[in-house]
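Please look through the model below before reading on. The paragraphs that follow take up a helix pair, a cavity, some buried side chains and two backbone angles.

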Amino acid sequence: MLKALFARKKSSRPFKDYHSEWFNTLKNTILPLLRSSISDSVPTLSTHVEMLHQHFQSYYEALDLAASHDVSQLLFPYWRNSLEKPFLWLGDLHPYLFTNLLRSFLEDTDEEEETDDEFNDDVVRENYKYLFDKPWEVAMAWKNPSRNLTTRVDQIECGLRLMVPALVDRVRNAQAGLVERVAEDWVWYQGRKEAARPVIVEAVEAEMEEMVSVFLDANRMRRSVLAEIISATSVYQGALFLEGLAQFLVGLRDPQLLAQFESCQMPLNKPSRIAL
């Protein structure tokens with residue numbers, strides 16, 4: 001009964017199929033175009049940066065539509081593999097992953113600055129080896145980021161620290177309310193299914209509507225964070241950030257890496273920075 005309720009507006013096309021097509025376009029078309037532009041530093045780089053950004057934005061728009069039809073297929077995505085699932089939060093990537101990736105570029109810059117007083121040729125070549133196989137503008141994109149950028153990153157992270165816990169509370173309250181109400185009604189009707197059915201249906205529908213609302217808010221947050229990062233960075237910074245994000249997604253579906261992960265016998269902890 002509960003499964004039928006969650007899928008009562010199920011769309012004719014499962015989101016799994018859309019995601020597969022979207023991912024293949026990302027991997028085989030858009031990411032290679034961006035990488036080619038980065039390597040050659042061609043005038044079309046800004047076009048390819050925007051193309052990849054819009055590819056992500058169109059994905060989140062499709063995610064919104066799918067949630068409105070059948071949120072259960074997104075909250076419990078059986079079709080995600082074991083590498084992808086630890087990074088999911090309310091149906092897709094945790095927004096902290098975006099800011100963590102951005103921070104990784106900034107922290108690399110900090111580490112480079114600590115070696116600025118070392119002029120040994122071998123040390124310089126090792127520390128700045130990326131300078132020798134990339135255009136100068138790309139290689140220096142994250143060298144000495146502006147104060148405006150670092151301030152904007154701080155503001156984005158501050159906003160996430162306020163909004164993420166609020167959404168988690170809404171999910172927890174919705175689930176607790178459903179369990180409490182169903183349990184009370186079940187006891188009240190002494191386990192008589194037909195008598196209890198209308199009130200249980202009402203309780204489940206109320207929770208489903210709240211979960212859809214929470215999911216849409218979480219998705220809005222993801223879109224907003226991504227857009228703010230792109231608007232705050234230069235075209236070269238944005239290109240490297242989106243390349244890193246896209247490669248991360250591609251890597252999670254790498255068959256060899258997935259096989260190694262699934263055969264690993266060591267207990268694994270969730271990434272320390274990605275928290276509810």
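A crossing of two helices is called left-handed if the near helix is turned anticlockwise from the far one by less than a right angle, and right-handed if it is turned clockwise. With that in hand, start with helix 2 and helix 10 in this predicted model: helix 2 passes helix 10 in a left-handed crossing. Two packed helices are described by the angle between their axes and the distance between the axes. Helix 2 covers residues 15-40 and helix 10 covers residues 235-252; they pack at an angle of about 145°, and their axes are 10 Å apart.

Which residues make the contact between helix 2 and helix 10? From helix 2 come Trp 22, Phe 23, Leu 26, Lys 27, Leu 31, Leu 34, Arg 35 and Ile 38. Helix 10 contributes Ala 239, Leu 240, Leu 242, Glu 243, Ala 246, Gln 247, Leu 249 and Val 250. Sorted by type, the residues of this contact between helix 2 and helix 10 are 12 nonpolar, 1 polar and 3 charged.

Leu 242 of helix 10, named in that contact, also leads to helix 3. His 53 lies in helix 3, which spans residues 45-70. Once neighbours within four places in sequence are set aside, His 53 is in contact with Leu 226, Ala 227, Ile 230 and Leu 242. Is His 53 buried or exposed? Its relative accessible area is 8%, so His 53 is buried, the cut-off for that class being under 20%.

Further along helix 3 is Ala 67. Ala 67 is buried too, with a relative accessible area of 1%. Ala 67 touches Leu 74, Val 212, Phe 215 and Leu 216, not counting residues up to four places away in sequence. One of these partners, Val 212, is 145 residues from Ala 67 in sequence, yet the two C-alpha atoms are 6.3 Å apart in space.

Back in helix 10, consider Gln 237. Gln 237 has a relative accessible area of 8% and is therefore buried. Leaving aside neighbours within four places in sequence, its contacts are Ala 141, Trp 142, Pro 145 and Leu 149.

Next, the enclosed space. The model has 1 cavity of 30 Å³ or more, and the largest cavity has a volume of about 140 Å³. Of the 13 residues that line the largest cavity, those closest to its centre are His 19, Arg 80, Asp 92, Leu 93 and Leu 249. Helix 2, helix 3, strand 2 (92-93) and helix 10 each supply at least two residues of this lining. By type, the lining of the largest cavity consists of 9 nonpolar, 1 polar and 3 charged residues. Leu 249 also appears in the contact between helix 2 and helix 10.

Two loop residues remain. Leu 90 is not a glycine, but it has a positive phi of about 50°. Leu 90 lies in the loop between strand 1 (88-89) and strand 2, and it counts as buried because its relative accessibility is 14%. Asn 144, likewise not a glycine, has a positive phi of about 55°. Its place is in the loop between helix 7 (136-139) and helix 8 (147-188). Is Asn 144 buried or exposed? Asn 144 counts as exposed because its relative accessibility is 52%, and the cut-off for exposed is over 50%.

Methods:
Residues are numbered from 1 along each chain as its sequence is written. This is a predicted model: local features need pLDDT of at least 70, side-chain atom pairs count only at pLDDT 80 or more; totals for chains, interfaces and linings use all residues. Side-chain values use heavy atoms; hydrogens and water are left out. Axes are lines fitted to C-alpha atoms, for helices over the stretch in contact, and angles run from 0 to 180 degrees between N-to-C directions. Helices (H or I, at least four residues) and strands (E, at least two) are DSSP runs, numbered from the N terminus. Contact means heavy atoms within 4.5 Å. Ala, Val, Leu, Ile, Met, Phe, Trp, Tyr, Cys and Pro count as nonpolar, Asp, Glu, Lys and Arg as charged, and the others, Gly among them, as polar. Buried means under 20% relative accessible area, exposed over 50%, partly exposed in between (1.4 Å probe, protein chains only). On a 1 Å grid over the protein atoms alone, a cavity is a set of points where a 1.4 Å probe fits but cannot get out, and a pocket is an open set with protein on both sides within 12 Å along at least five of seven lines; lining residues have an atom within 4 Å of a point. Grid points are joined across faces, edges and corners, and a volume is the space filled by probe spheres set on the points.
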